[in-house]
Structures are given as structure tokens and as C-alpha cells.
Amino acid sequence: MLIDETRCTGCRACQVACKQWNDLPAETTRNRGTYTNPPALSANTWSLIEFKEIETRGQIGFYFLRRACMHCEHPACASACLVGALHKTAEGPVLYDDHKCIGCRYCMIACPFGIPTFDWNKGLLDQPLIRKCVFCADRVQNGLTPACAKACPSRVILFGGRDELIAEGEARIRQSPGRYVNRIYGKAEAGGTSVLYLSSIPFEQLGLPRLDSAPVTVLSEWVMRYTLPFAAAWGAALTGLALLVRWRNRGKPKRPSSKEAA
Amino acid sequence: MAGLGPTFGRGAMTNDWIDLKNSDVIFVFGANPASNHPASFSWITVARAHGAKLVVVDPAYTRSAAVADVYAPIRPGTNIAFLGGLINYALQNQLYPSEYLKAYTNALTLINPAYQGPAELDGLFAGFNAETKAYAGATWQYQIEKIQVKVKDAAGNAITKEVSVPKQAAALDEPNTVFSILKRHYARYTPALVERVCGTPQEKFLEVARTFCATGAPDQSGTILYAMGQTQHTVGTQNVRAMAILQLILGNIGIPGGGVNALRGESNVQGSTDMALLFGDLPGYLGAPTDRHADLQTYAAKFDATSYWVNGPRFVVNLLKAWYGDAAKKENNYAYDYLPKTSGNYSWIPLFQAMRAGKIKGLFCMGMNPAVSGPNARMERLALANLDWLVVMDLFETETASFWKAPGVDPQTIQTEVFALPALDAMEKEGSIVTSGRRIQWRPRVAAGPGDAKSDIWILNRLANALKAVYAHSTDPKDRPILDLNWVYGDDPDPDVWLVAREINGYALDDVKDATGKVLLEKGALLPAFATIASAANFDAIACGNWLYAGYFAPADDGRGIWRPAARRRGQKDPGDLGLFPYWGYTWPANRHILYNRASARPDGAPWSENKKLIWWDAATKKWTGYDVPDFVATKAPDAKADPAGAGLATQAGTDAFIMKADGKGWLFAPTGLADGPLPEHYEPLESPVQNALSGCQCNPVVKVWNTDKDKAIGDHIGVCEQYPVICTTFRLGEHWQAGAMSRTLPWLAEIQPELFVLLGPDLARARGIANGDQVKVRSARGEIQAVAMISARLKALIVDGKPVHLVRIPWHWGWQGLATGACVNDLSPHVGDGNTMIPEYKAFLVDVRKA
């Protein structure tokens, strides 16, 4: 999916279409002095437009960042999941299996974009549920485009194969170099994502995290691989230390407590 | 719309939504399509991808401005100063195509030498009567030349007849030409004056001027998109006129990607206007008969004899035949006497004044929510309380249906009996919808309605039949209009909407023949086009509910050889790849998609440029050809001469592109049709923080100001700048819909825009000690509301005439019903309307704001 932020007018048809297709209830909200509402992604809000007013050299700009799962090529959430509840599909979507989840929420910490959310209404005991955009996998598997792409009136959201979208994005940048930052966000970030962005201002200003091109999963997989040996080794070391201390203290009288000293 | 009619001949969007993709510069002025017409951005995006520029002029940096190439701020209520500046810029820098101006506009026409305008008369036009606040436009008229022509009288004898034709100059700059008057009038609108009046920095204004006026080149087209930001002013009609003049000067009318495009805010508002929703009209813009039109002959004489309106008297007869059937006979002037005659202004504001005064006792409110949407809404709710009965047909219990239990109102004090009739949504009934671009599309019913909800046609059918039953035994002649009403739409169990469509389309009551006796249309057949009415000898054998829609329901080819009612076609062929899609639905008039398209070609009939070609003269076949249906006589050669002895379009030449105008020209200068002057002149809004910098005439001089309940807490109060120094504009959001009944009841929309808010700039917030998200009170001379403060650098103070002027903007969708509730913002707005149309001045009035 290619999101051309230079075309977005913040109409939020995508945000509402997401709720409509996925049958997500509305949240009770307040106006907090901004158009952005609900305030953040949640178990019932999988896609959110964040309104941003940015002034540069006295010129006001009004930007609309569409925030939802990036469907990484190497998803950190999936690799952080202890029970394999999250997995990357061949078609692109990173999907989640309700029945496997144990509610550890490692995925939430692992995701560099802060996307997965926990359904606190269900809680840990009832049924732990992680919620996020599912790329409308049910629509895509039936030959339709995701609900957000279908609803967008301004042709901001383009759905298709990743390579073609990268080619299209690069063509747009070539054609109107003044209009775009010379880079497609998500082409390399975090090892590449299925959701790609074009923008007229630096992506960090728009609110997307600065990431290098190594997949976050490389790190998390490395960590996961050495977690058990590390834990075992650390345990052994601590045990050894404890034994050493006990050995050095042998024969010494027990230190009186302060109460006894008084 | 009232601004487009006098200029071009028809009060409608000249082009279409898809046509925006053909534009080189899209000028959004007085609209915010990103919020209010988001689908338009589908085509604006395509145009921009091809390199088109988007220019936005708006008091706030809106969501449309967010993607614009050029943005300029403007003070609300100063659009004519800005547009006058653009007109002046185009004229001074000779950016106009003079060949276009000479051929297609009245630039060369000579005006009465006694004409004087605001430049000479300190803001007024000649002929103003200060007592009646009205103009006698005698000196605004064309100079007339009397010529002798030979015609045949009824008996076939050649006789000499004297006819009057407008005098034309040879060159644009001759004295008293429209062009020289225009140039003189707008010479005062310099970039410095624009800055002084509008608060737009000069360099920003010039950037807009340079960008947009470049579309005067023959291979460029520019379009202006506007909405309520132009119309909801005391000078609303003249705002629209100013845009129309600018577009004529730049040669942008009649071509792909050009036009003055009124973005209609509701999906069928064009259809309702076409069907005479407004009090001053009959279907097809025939004009409602007034008490000056005592009989059919007098009424028929009001139509121009030298334009296509020469057929107006025929269309009226067809309408009367549709409405009164056999009771409309030649002997009784086709039952013309049955038509009510208007004797005053029955627009919104006078109606509510009459209710307030107790003169109107009952009100039918169909899909309208005046308790929220009306100006000075608190006073209008008091007017509702004066009614004996009120019927509200709507999808939900609106604020109007529940005005008697509004916050702070004691229901016991209100005697009005309120009936709520649950109605069906557009998706729950079959029928046609007319887009802003005049395309009529038939839609099926796709969902069943809830509970007892009924379609409008079901309710009206019951009502009409009940009325007929009540009067069934009456012998009183005054009851004949009800008894003779040709009301036959079936009721088994629902009325048949196809029968309604048939009547609107028109059908033959008998064999329709031309002068030679050839049968044009067999008895019972559907009318294929209004041309049949024009060429019929026995035109009174046709019943037609709206001549403009003639043919919209008649069988037509969908481009694949499949014939079906034209409005139900879904053919996808697009000759010329311009997005006209002539086989999809039916576009009035006569499936012409770009109005006045004669002007898309040079006077000699060749396109102005290859990339903007639309229709052109084919000398071989002696016919106009191309992608669109010609908006004039398709066989009239470019060099055809006018025949002053003829009638109707015969009096117009091969270069006359505006067939609904008496002289076939686009009117830069409008001798008739406007109450407040032949040219747009800047006046301040009724409530303004500054003096008019252009003249001593502060407000539009013809505007009617009421004084109802001036001595009471709720009344027609006018605020002054000392008490109310901040300019307020009401506006609409993308997330809510008009008065809110259809959106504030939807959880997903209530979630994204939950509460009423006031947009204000950081300077004003700092001055008043307001922080983002605070509750604030906004007060005008009419009332006070509370809302959340949204502080935004998108709305900046403007420097007007040397001093800073602060602005606030408030979306007006809220009320006390539904899921997202809030104060009625129109409790603040003034009960005053435009000088021509009476559209209320919602876009510029004075308030003050403070922390709650």
C-alpha cells in the first residue's frame, strides 16, 4: 500500500471505512482542542488520522498522518511473540491468531511504530486480545482492496504489489521533484514495510519514527535466540556468586540488627 | 445561482465534477471542497498529477489549502474587492483574449451615455431611490438602434417592421462600451486596495493573480470552485457575478477545465432548484407568475423573444397540461388562473418574520431543520412557537421537531402542535438525483426503511388525495385547482415513481405534428427532447412537468445499442477522454455537459487549441461536431448572420454562444436581472469592524434590514465593532452534515467530531487568556453560545486598513439532539440576507469571545 501524503486532505473516510468494514464500535470522545479523534489507536480504532500543524519559516502547514499497522516485511511483533500468535502472510498482511495469544504484550513493546494495542475491555483472564489493522485480509483474499483504500476520495491510498508501488512512488518523485521528499518511507525502514509513504516534508516531522534499514526483527531474533542460554548462564553466575559469599562468610558471627545494638 | 443566471443565462454549474481533471488552474474561493465536497478531490488530484495548480483563497488555512500550490488569506466579506482586483489585473495587463471578448461577451455593446457608477457616485449606481432602497436601472441599458426589416404579416403580405437591436462599437476601448465601463469601474481595485480591504498581503494577491490570470491563454483553462463562502453574504449574488465576469474576461467559459462551478452542498440540491424549490420559480426556471401577470398573455410576454426563451410560453402550457390535464384547455388559457400569483418575497427570512408576527399559522418542514440552520435561530425558534401546527418530515427527531423542549424552554409555554412523520432516506427509496454538474441519475431502492418510515412521495400522495377528498363535493370555483389537479400516480400500495418521472419527462396527449403535418411524436409516447416542443405546431398536445428534463426518462442508447430510460443509462464510453461520459445518466439541458460550449471554438468554428478542443464546425457536413452536444443550433454556421426579422434563435448569429440571453452574449455588464447594480461593487457586511475603503456607501444599499423585536432580549439586533470586535464565520466540517440530524446520530461520526468548537488564532487566544481545549463563550448581538476552544495558527489575524482584525470560525452542525450535542451556532448569526436572493449572511458577522 502506497500512501501519498501530499494528496491527503484529512477527510478521514479511511478511518471511518475501517470501522465500518471491521465492525468496530465508536469510542466516547471529547474535543481536546484538536481534530485528531479518538486520541490514539486502540482495540477499537485500528486506523487513525493524526492532524498536525507545522509552521516552518512563518508558513503554516497542515498535515494528516495516517497511522495504522505498517505490515513489516520482517515484523518485530511476530518475532517477539512467544507463542507465534502473529505471523506474516505471503500476501503481505501481518495477521494475529486470537486463540494462541497469552496476553504477554511483548508485541506492543517490540513494534517500532507503536501499533498493536491490547483490548483492555477483555483483560488478561477473560480472553487476552491484541488488536491492530489486519490489512483487510478478508477483502484482499477476495480480490478487493482494503476498506481504507476503497474509501479514499483523493487517491491518496494506492493498493497493489510492493515492487510496483515502489516504482510508482519513485516515478512520482521523479516527475514532481519539488513536491516530494526524495525518499519512500518504508522501502528500507525496519527492513522494509508493506505500507509505504510519500511526503512533502521530512517523515520524522510528519511523525514517523527514524529507523535504520536493519529489520528490528534481526535484533529481536538475536535477543530471543540467546535469551535462554543467557538466562541459564546468568543464573549460574549468580548462584556461584552466592556460594562464594557464603564461603567467605563462614564462621563469622551474624551481624546484630540495629534494634539489638540499641 | 442568481449571479450566474444574469451573466450566462442559466443558474447552474457550467461544467462537471469530472471535468476538473481538464483544468490547468483550479481556483477554490469561498469553498472548502476537501471538507465539504471531498469527492471533488478525486479529480483535483488527477489534475494536479498532470501539473495543474491549486489556488485557495480563504480566511483560514483549510484542509483544501493544505494541498494547495498557492494560498492567500482574505477577510470574510471582501470577496468582491479581491475578485475586482483580479479583474483589474487581467485588464491592466491585457491578459484577456480579445477575440473571445468581442465575439462572445457584451464587451463591445454600448451603454446609455448617462450611465454613472460607484466611481462617480460614491458607491452607488445611477438611479438609486433612498426611500424605497431600490434602483431604477433606466441608465444601465444598452443603446438601441432601430432598424427597418421586411417581414410577412399573418396574411402573407410583405410589410416593413421596425425592430430594435443593441448598438455595438467597433473597438473595445470606445467610450461607453461595456468594456470601457468595466475597465473604469475596476481601475479602483488596485493590489494596494485589495491589501487594504481584504487584509491579503499584496505579494500573496499578486501570486494568485499571476497564477490564475495565466489561464487567459488559449491553450490554458482555469476553473473557479465556490460554495457558501460566496453566496452567504449580503452581496452574495454579486460575489458570484464577479467570478463569472472574471471567467468571461479570461475566456474560461465553455471550455473543458473552465467554468464557474457552484459546488452544490447536497446531492440533489440542483434537482430541487430545477424543480422550483424556490418560491420565485416554476419548474425549469420559468419564473413564478406574480400579481403583475394577471393572465397568460401578460405572463407569456415576459419571456425574451430573441433567445431560446422564445419557447417559454410553450413550456408553460406544457406544464399546465401536466398539472391540470384535461382541465387545461385553450379556451380557459390552459387553467393559468389556477396558478397562485406571488405578491412579495417568500424566502426564508421573510417567512420566519411572518411566523414571528403571527401571520403564518402552519408549517410543513420536509428534511429541513430551521431550529439549527436558520439565521438568528433563537428568534426563529420563537417564530415556530407562534405556529398552530408544525409538521416535521425527517429521518430523526430533529431540533425542529423538538424545539418545544429545547434546553431552557418550558414546554408548557408552547401551544404549537407538532407532528413528526418518519421519512425514508435516499437509499431507501427509488428516484432520481441530480448532481451539481446537472447529471440526472436514477437510483434504485437498496435498503428497506425502518418501522413506519415512508417515502416523501408516499406522504405527499396521501396528503394530496386527502385534500381532494375534503374538497370533493365543493362547487366553489376557488377549489377547482385542487379538484382539477391531475394527480394520477397510483397508490397500490405506494405511488409509482415511474409515473412521476413520466410526467416530468413529458409525453404526448395526442399525435404531435409539425407545421407540415408530419407526426413528430405519437400519442402516448415519451417526449425525447424539448426541441420537439419548439418545433411542434400543436405544442399543447404535450404535457411536460419540466421542459429542462424533457428526454431524461425517454428511451436512449447507452452507447452499446441497449435502450433504456436515459437517466438509468450506465454507458461508460467517453469520447475525447474528457470525462463527459455522455451515455451515463442524462445531463440537462439536452445532454449538454459543458454549457455555452460554442465558446470552446474560435469565432470561425475551429478549436482555440488542440488540447482544449470540445466541439468544432465541420464544413464538409455543415454541422458542428465533437465530443459534447452543442449548446446551440448544431447546424448554424459560424458565420451565420443574425436575422433581426426572425424570432428566437434566428435573431442570434453564428457566434452567439449564450442562447438563453436576449443578445446571445455573456453579460460582463448586466443591464437587467439584478437588484443591486449592473456590476459587482464592494460593500462591507452588515456588521463589519471597518469603514468601506472604496466609498461612503457602507453596506449593500438595497439590503432589507428588519427591526423585529428590537426592544426585546431576542430580536433583530445589529452588533457594533466596539462591543463585538471579532469577525465570525460559520462553516461546515467533513464529518457532519448540515444541521446534523443525519450525522450527529451516527456513532462513528460523533466519535471523530464529538463537540462544538470555536477555531481561533493564537494572537486572539493570548489576548483573551484562552488555552487550547478551554471552554469559551462566544457572544453576538443576538445571543451567546459555549464551545471548546481550538487554537490554531491556521487562522491568523489580518491587517485591515492598518489595524489588526481577529477572526473566529465556528462549525454550525450542532444542536441538542443526537449523540454529539452542542449549542446552536446560528443563535449568533444575523437575520439579514443578500440583496437579490435573501440568502442569510452567515459568513461575516461580529462577535466577541471570552473564557467561560
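Q: Where in chain B is Asn591(B) placed?
A: Asn591(B) sits in the loop between E21 and E22 of chain B, and the model in which it is seen here is a predicted one.

Q: What is the phi of Asn591(B), and is the residue buried or exposed?
A: Phi of Asn591(B) is near 60°, which is a positive value in a residue other than glycine. Buried means under 20% relative accessible area, so Asn591(B), with 10%, counts as buried.

Q: Which peptide bond involving Pro589(B) is cis, and where is Pro589(B)?
A: The bond that joins Trp588(B) and Pro589(B) is cis, with omega about -5°, and Pro589(B) is placed in the loop between strand E21 (586-587) and strand E22 (615-618) of chain B. In chain A, the peptide bond from Asn37(A) to Pro38(A) is also cis, with omega near -10°, and Pro38(A) is found in the loop between helix H1 (13-22) and E2.

Q: How should I read empty space, and what volume does the second largest pocket have?
A: Rolling a probe the size of a water molecule over the atoms shows where empty space is left. Here the second largest pocket has a volume of about 1000 Å³, and its lining consists of 40 residues, with Gln59(A), Ile60(A), Gly61(A), Tyr61(B) and Tyr71(B) nearest its centre.

Q: Which element supplies the largest share of that lining, and how do its residues divide by class?
A: E3(A) supplies the largest share, 6 residues, while the lining as a whole has 22 nonpolar, 9 polar and 9 charged residues.

Notes
Residues numbered from 1 in each chain as written. Chains lettered and ligands numbered in written order. Predicted model: local features only at pLDDT ≥ 70, side-chain atom pairs only at ≥ 80, totals over all residues. Heavy atoms only, no water. 1 Å grid on protein atoms, 1.4 Å probe; cavity = no way out; pocket = protein on both sides within 12 Å on 5 of 7 lines; lining within 4 Å. Points joined across faces, edges and corners; volume = space filled by probe spheres on them. Helix = DSSP H or I, 4+ residues; strand = E, 2+ residues; numbered from the N terminus. Nonpolar A, V, L, I, M, F, W, Y, C, P; charged D, E, K, R; others polar. Buried < 20%, exposed > 50% of the residue type's maximum accessible area, 1.4 Å probe, protein only.
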